Structures are given as structure tokens and as C-alpha cells.
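Open the model in your viewer and keep the selection panel at hand. The stops below go from the ligand outward to the whole chain.

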Amino acid sequence: MATSSIKVLDKYGQEIKTVGFNRFGFDSEVPIDELRSLYLRPHYVSTAPSTADSSKEDAKETESTQGRTPYQTNSIYHPDSQSISYTTLTRFQPVKLLSPPERKRILVTGGAGFVGSHLVDRLMLLGHEVTVIDNFFTGSKTTVSHWIGHPNFEMVRHDVVEPFMIECDQIYHLACPASPPHYQFNAVKTLKTSFMGTLNMLGLAKRTKARFLITSTSEIYGDPEVHPQNEEYWGHVNPIGPRACYDEGKRVAETLTYGYHRQDGVDVRVARIFNTYGPRMNPADGRVVSNFIMQALRGEDMTVYGDGSQTRSFQYVHDLIDGLIALMNSNETRPVNIGNGDEFTIGDFAKLVRETVRKVKKEDDGVDVPLVNIIQKPIPTDDPQKRRPDTTRAKEVLGWQPKWSVEMGLEEMVRYYKAKLAEGSL
Ligand SMILES: NC(=O)c1ccc[n+]([C@@H]2O[C@H](COP(=O)([O-])OP(=O)(O)OC[C@H]3O[C@@H](n4cnc5c(N)ncnc54)[C@H](O)[C@@H]3O)[C@@H](O)[C@H]2O)c1
């Protein structure tokens, strides 16, 4: 399906045509079709016998770019052998031309990860100079490969535990594994990344006078005793449990951030992110949304841990990126929750995912697949029963509220994984 023919309605039934907004002197708005073509459209031309079909799709895509040249690549996908021939001759997606005072030099640590890659896409389309540093522990070069070679883009393999020198105006510090199997893989390394990585990036911000934003997490509230959680709540964290390396790591990273702010005047922003999902989430992460979608797409039983009565709220990645950019460019130095308050029990959410998978398969492929089974397994240690953000502060100080309904975000994500499964890259 051509990405331009997918219509997306927001929570209030209005069509979403753009993401981002012009606020705090920083314009972050881009057409959704431009952004979407970076993850829903393949980055190669196909040698498939059905090229007639794909050129029709391409023609539709060209129409939708309204006179602008769509980005092109000469890489060739060979469906028979599920292989791809890469070339360096790429025409990149057009990016805005900004005057030197408008164009910022932006460092994104962890920019090859799920959230980082979407932030990079947005900042690149907006015309800024973006440098990514990443050690590729959970991220992959493929998430941003469509920018490699672009004059505004630089990718450096680097571990934030070691110092890094660069001149920059803004630092988005995301580097840190975010899913339980990955952050528990080496708990001491996770703590080092949180503490030393943040120390190094704050040192860089101090030297360059760059503005520094850290992506903290709702996990700093632990298994909360108040609902929903606002930023004044100090949390209820087990300091020695299996999740502590991440939860306490992020808590100390916040402490360091405010230490540098108070002692050295570093200009800081702290985003407390709640569960986020979207295309490019690594399905090996074991996070609930990607697990459910992959199981339903493969026709396997869907696994719910516990009785499914625990609740979660999920925000779509474009809402998060809107919030991060707004926070970075605002004057708010206090922590700000960024999340979607629409709460689901995990059991209901599993049902929604399997229905979405069935709907997308019917709409895109005309196939009627049966609903898969949902089974239960024992709940892991310290898994919070309930978590929901209070986003009043984000609304008041950033004018930000989530727009994407969970249903719309899920449909995009299902299409993304479905295409990846079909081409053999998952
Ligand atoms: N996705 C969510 O729901 C969520 C929720 C709360 C907070 N966050 C925070 O957002 C940030 C990004 O999360 P994500 O979901 O994109 O996770 P991710 O694992 O996809 O991305 C993290 C990136 O950081 C890189 N990285 C890890 N350790 C590093 C190191 N020592 N040096 C350099 N790079 C390193 C990884 O390779 C990866 O590219 C993290 O800081 C995470 O704690 C995410």
C-alpha cells in the first residue's frame, strides 16, 4: 500500500497530516507522509516480477510529494534470494534549507535506537546538522542508514562511557538500553552507561554551553503508590531488585543532571518518558507491544504475563518526538512527564493488537486470518501493577498533549513489521 494512501485520524477524529508544531521559536512541523516514507516505504527498488505494481505505487508516491522529487535510491532488492545490493548513489529525501543562525548542530546519543532514529529523521528533515553517537548495543545502523552520506549527517560508533569531544548547540542524551532483557543483560554496564555516560555528556554540555536534554523514564517512579503519577512524586523503587540497574541508574542520572545545573549553570531539560511504541522497535527487546504484534503476525499464541489485569498506557513515537523537541526548545528546566494517559489492561490490549493485525491483513492483502489465542504466563519480579502519566505540566508549559490514538499507531506498526517479515529482514 502506498504510504500516501493511508489516512490517519487523531484521537478526536481529525485527520493527521503533519506532526510537530512551531513553538518556542523552533519549527518542528513536517508532513506525516514525508516522515512515514522513511520507515514504511522500502529503501530500495525491487527486481520483483511485479515491478509493474511497484511502479504504480511509486507513481502514486510521486504524485503525493506534490512536485517535489521523491527520494530515490539505486539499491536493489532481490526477492528470490532475499538479499539487497547497496549502492552509494543515493538521492536523499529533501531537507529544509535553514539560515546559519537557524541551523543547529545537534548531538543525539543513542540515535541508532528506536526513539533516537525517529528523532534523527525529524531533525534531519527540519534541516539541522545531526551527529549520532551509538555503540550499537541495542540500536542498529540500519535505522538511520537512509541518512548515511548526507552532508548534514554524521554517525560515530562510540560508547558514551568514554568522553566524547564535539562542538554542538543541543545534546539529546538517549544512550541507554531501555528494555528489561537488554538492561538486565549486564546490569553493571547499564549503571555505568547511566552514570558515566550522563556525566560525560553533561561535561560536554558544560564546555560547549550546549543545552542538554536527558530521556529519563517513568521507571523512576518504580511500582507507584499514587495514580496517575505527576512529577512531584518521588517514586517507590526497589534499589536491589532486577530492574534497579535501570531505575536507579536513571534516578542518579537525573541527580547528576540537576547537580550540573545548580553547580555549573548547565542548561538542562529532563523528559520522563512513559511506555512508547512505534516502527523500528527492536522485536528482540521483549517489550509488550512488539511481542504482541510479532506473535499475532506469525499466527502464534500471544503471551500475557500474569492475569492480564495490570494496566499500561502507550504513546505513539511521533507524539513523544513532538514532546521532546518542544521541551528542548522551551524554558522548562523541571522534569516533564511525556506519555499517553489512555490506560488499557494488558489483557484488553492483547485483544486490540490481534484485532488490528487481522484488520490490516484484510485491508492490505485481502486475507481473512483467524484470531490467535491469548495465553497466560507467570508475572516477572517487580513488574508494576499500574502506571499512568499525569501530563498536566506538559500541557501547561509546552502546550503538548498526545494526538495519536493507540489504534492508529498500532496499525502503522503492524504494517511496518509485516513489510519487514515479508522482505525477510526480521
Ligand atoms: N521506548 C520507551 O518506551 C522508553 C520509555 C522511557 C524511557 N526511554 C528512554 O529513551 C531512550 C531511548 O530508548 P529506546 O526505546 O530508543 O531504546 P533503544 O534500546 O532502542 O535505544 C537505545 C540506544 O542507545 C544505544 N546505547 C546503549 N548503550 C550505549 C552506550 N553505552 N553508548 C552508546 N550508545 C549506547 C543503543 O545501541 C541504542 O541505539 C533511553 O534512554 C530510554 O531509557 C524509552
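Select the shell around the ligand and colour it by residue class: 13 residues are nonpolar, 13 are polar and two are charged. The model is a predicted one. In total, 28 residues surround the ligand. Label the closest of them, which are Gly 110, Gly 113, Val 115, Thr 138 and Gly 139.

Next, show the secondary structure elements that reach this shell. Select residues 114–125, helix H3, which provides three shell residues, the largest share. Then add helix H5 (187–208) and strand S14 (211–217); these two, like H3, each supply at least two residues of the shell.

Now go to the whole chain in cartoon view. It holds eleven helices and 22 strands. Along the principal axes, the C-alpha atoms fill a box of roughly 65 × 55 × 40 Å. The radius of gyration is 21 Å, which agrees with the value near 22 Å for a compact globule of 426 residues.

Colour by burial next: buried residues account for 42% of the 426 in the chain. With contacts drawn between residues at least 6 apart in sequence, 77% of them join residues at least 24 apart.

Finish by colouring on pLDDT. The chain average is 90, and 90% of the residues score at least 70. Where should the view be treated with care? Select residues 61–65, over which pLDDT stays under 50. The model has ten contacts beyond four places in sequence for this stretch. Coordinates predicted with low pLDDT should not be read in detail.

How values were computed:
Residues numbered from 1 in each chain as written. Predicted model: local features only at pLDDT ≥ 70, side-chain atom pairs only at ≥ 80, totals over all residues. Helix = DSSP H or I, 4+ residues; strand = E, 2+ residues; numbered from the N terminus. Rg over C-alpha atoms; globule rule 2.2 N^0.38 Å. Buried ≥ 20, exposed ≤ 12 C-beta atoms within 10 Å, placed from the backbone. Contact = placed C-beta atoms within 7 Å. Near = placed C-beta within 6 Å. Nonpolar A, V, L, I, M, F, W, Y, C, P; charged D, E, K, R; others polar. pLDDT = per-residue confidence, 0-100.
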